[in-house]
Amino acid sequence: MELNTYQQEAFDYQRSNIEKFGKKNLIWSIFFLLWIMVGGYALYLQISKGHVVTGMRDNVVWGLFIVNFIFFIGLSYAGAIIAGLLHLFKVSWGKPIIRLAQMMTLISVIVGPIFILLCVGRFDRLHHLFIYPRIQSPMTWDVLAIMTYFVGSILFLYMALIKDFAVYRDAKMNIPGWKQKLYKILAIGYRGAASQKRHLIISQNLLALIMIPLSIIVSSILSWIFGMTLRPGWHSTIFGPYFVLGALYSGCGVLIVAMWVYRKMYKLENYFTDKHFTNLGYCLMVLSAGYGYFTFSEYFTDWFGSAKWDSEVINKLFNPAQYGWWTLFANFFGIIIPILIVALPKTRKPNWIALASFFMVIALWVKRYLIIVPTLETPALPMQDTRIAYVKYSATWPEWALTFAGIATFLLFFTLMSKFVTVVPLSDLEDTNHHHAHHHEPVAIKTEEIQTA
Amino acid sequence: MKQVSIVKKLLQKLRSAAIPFVLLLLPVAIFAQADSAKKDAPAAKEEPSLITPSAEFTGIQKTGDSIQLKAVLKTKIKGSFIKLPLLKVKFLQVIDTATKELGFVITDQMGKAVLNFKVDPLTAGKDGKLHFKAVFTGNKSMEPAEEELTIKRARLEITAAKEDSVLNAKIKLVDLAADTPIKGTVVGIFVHRSFSLLKIGEGTTDDNGEATVEIPNSLPGDAKGNITLLAKLDENETFGNLEASVVQKWGIPVSDKLEDQPRALWSSHPPLWMLITFFILMGIVWGHYIVIVVQLFRLRKEEPHTATIANT
């Protein structure tokens, strides 16, 4: 596989990340594994003692697990849409970040559905979803859509990696034999021949083209699980686009945070430049405005309509004694702060944008909680003389342990993946930065130098 | 020497790695301890105690000297009753001092054993009473249980009569021992529905032991319009339970054939547009996937023989 000097430079700069696992990464990975083990113990308790160890009861049947599911699956859709758009519109500045977006797509679609499995009470009846599907049910749509989307995500990431696999295969890196063999298999004989390039570009374009509408449809289907029910706070016509926008928005935030972390960790300032943060920051601002508009529209319509149950949910959301402070947090850090940070030139800097994105991501997680739990705590059939625990949801430690185990799995996959492929893609990389114009000539950066740096 | 220092370094590393590991597992250990403490508690050896079952024994006198005996076996464990299935219950009739075995029945999942039989009127005592026993002889894990039942012989009759387009159920209640009508007793009239009995009226017997209850003419029947009318005397102090039934063509014929459901959101057949949209969408996406995978296979086939080696 031939690389131009800029691409070769990028490869030489990153090859040590693939060749060596590194102490820090090992410690991180062990830390994540331990969290996953704690989650495993919580899961053991949940299976052996039943869902009684969670805070979910007769009324609030969905809790943290579904919040996490929506959150992660939303990240995945965002990754697919961002990567698809950057690829289709041939956005040259976006090429270094496509890999991260695609990694986020695949990892999130693996982690997200795990939470559905955690929420299902009867594992032994899981296959009934396929044996007795009901085409009219949004649940069936969601199961089939996510499975279809999962296959697409794998293909999407793999397509983009084939050229790089060919590079790794030919690079004679200092890696174990099995890894070398795996690169060879995964490169599927790609040598950069004209006909091969044609097949690959057709496949990539086709897939990018299908992944964007697929993500939008699948995200809408997820929202319809809520929107199709007649519950207050859920039964809304804007839930489809609201979920799509919310997913895209939180995904954009996670992408910025991931970019910031890898930039620091692997010293990728030349590839994840200030320009990337500024450009993604602008995207963040536009999405934030759109998301804010939807949020206001949703709350305002429910509040103005004054329908009994809608009002009850709105009261819960804005009452400081109930969810008022969380609503304020979700909207302040989820809408106002990102806009301000990006709008002001002084704070339009990578660190500030990453910080705003980090809090925005947490705010959007809280927002998912506020969508699910207060509505379930407001049953259309009032319950009388019942235990407060049956109406009011409070997450238990096994739920939190499994939530953190999910986050640890997400981060562990990112760590492992960045040790298997370069975080900045090589083969399609273009030098769009004037500072690097002189780097078109071959530059010998040795692995040892990078490590000492 | 060098080897020793390497081993020392390795041990140091392991020690430093062990600290966060132990810290992380601390909550797990605490919870695990809570559980193991329970397990470690000295288990007092208790003598295996036998389960003490109790029996509920009832009987229903039906038309034509037929009697239905029903025994339900259950036991109380931790404050709630548990039905006892698969146990052998013997039904006996006590005639003077002798006992005659009527048969045995194995209890079902609800702990219920039901025996239907025709009684010999001559086996009744001078007072017209019949004495029965339901006996469970016990087994390795359960103690025996026994219950007695005394029924005074009586007959409940029901006949259907149509008078001036008014539908009536006529009831007659007779004390068989004295061969006299039973007066002033309330008898309920029911009609069989899909899952249970529907009470449609009741009547009090007069001096002749007779009562008349009007039957509505709008009851849905089976495909032929038949309805089953049932007269019931429940838990009478003297005569116990009595039943009599008659089938009459007084209902509105309702076909028991399941009607074809339309394609709808609520039925088992989805609307056509929904199916078509679903398959088109899935077809488009999976069609794309197939094309892409085919392209990948072609890419693999077209690998040039002279490989370009990267200039590393």
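Polar contacts between the chains: in this predicted model, I looked up the polar pairing between chain B and chain A and found 11 residue pairs in polar contact, counting pairs in which both residues are at pLDDT 80 or more. I then asked how many salt bridges join chain B and chain A, and the count came back as 0.

Which helices of chain B supply at least two residues each to the side that touches chain A? I noted helix H1 (2-40) and helix H2 (272-301) of chain B, and I recorded that H2(B) gives the largest share of that side, namely 18 residues. Sorting the residues on the side of chain B that touches chain A, I listed 29 as nonpolar, 8 as polar and 5 as charged.

Extent of the contact: I read off 42 residues from chain B and 47 residues from chain A. The size of an interface is often given as the accessible area lost when the parts come together, so I looked that up as well. The area buried between chain B and chain A is about 3,900 Å², and carbon and sulfur atoms give 71% of that area.

Helix packing within chain A: I turned next to helix H2 (residues 23-49) and helix H15 (residues 397-417) of chain A, which pack at an angle of about 145 degrees with their axes 8 Å apart. I entered the crossing of H2(A) and H15(A) as left-handed. For the contact of H2(A) with H15(A), I wrote down 18 nonpolar residues, 6 polar residues and no charged ones.

Note on methods. Residues numbered from 1 in each chain as written. Chains lettered and ligands numbered in written order. Predicted model: local features only at pLDDT ≥ 70, side-chain atom pairs only at ≥ 80, totals over all residues. Heavy atoms only, no water. Contact = heavy atoms within 4.5 Å. Buried area = accessible area lost by both parts, 1.4 Å probe. Salt bridge = Lys/Arg side-chain N within 4 Å of Asp/Glu carboxyl O. Polar contact = N/O pair within 3.5 Å; in protein donor to acceptor, adjacent residues only side chain to side chain. Helix = DSSP H or I, 4+ residues; strand = E, 2+ residues; numbered from the N terminus. Nonpolar A, V, L, I, M, F, W, Y, C, P; charged D, E, K, R; others polar. Axes fitted to C-alpha atoms, helices over the stretch in contact; angles between N-to-C directions. Left-handed = near helix turned anticlockwise from the far one by under 90°.
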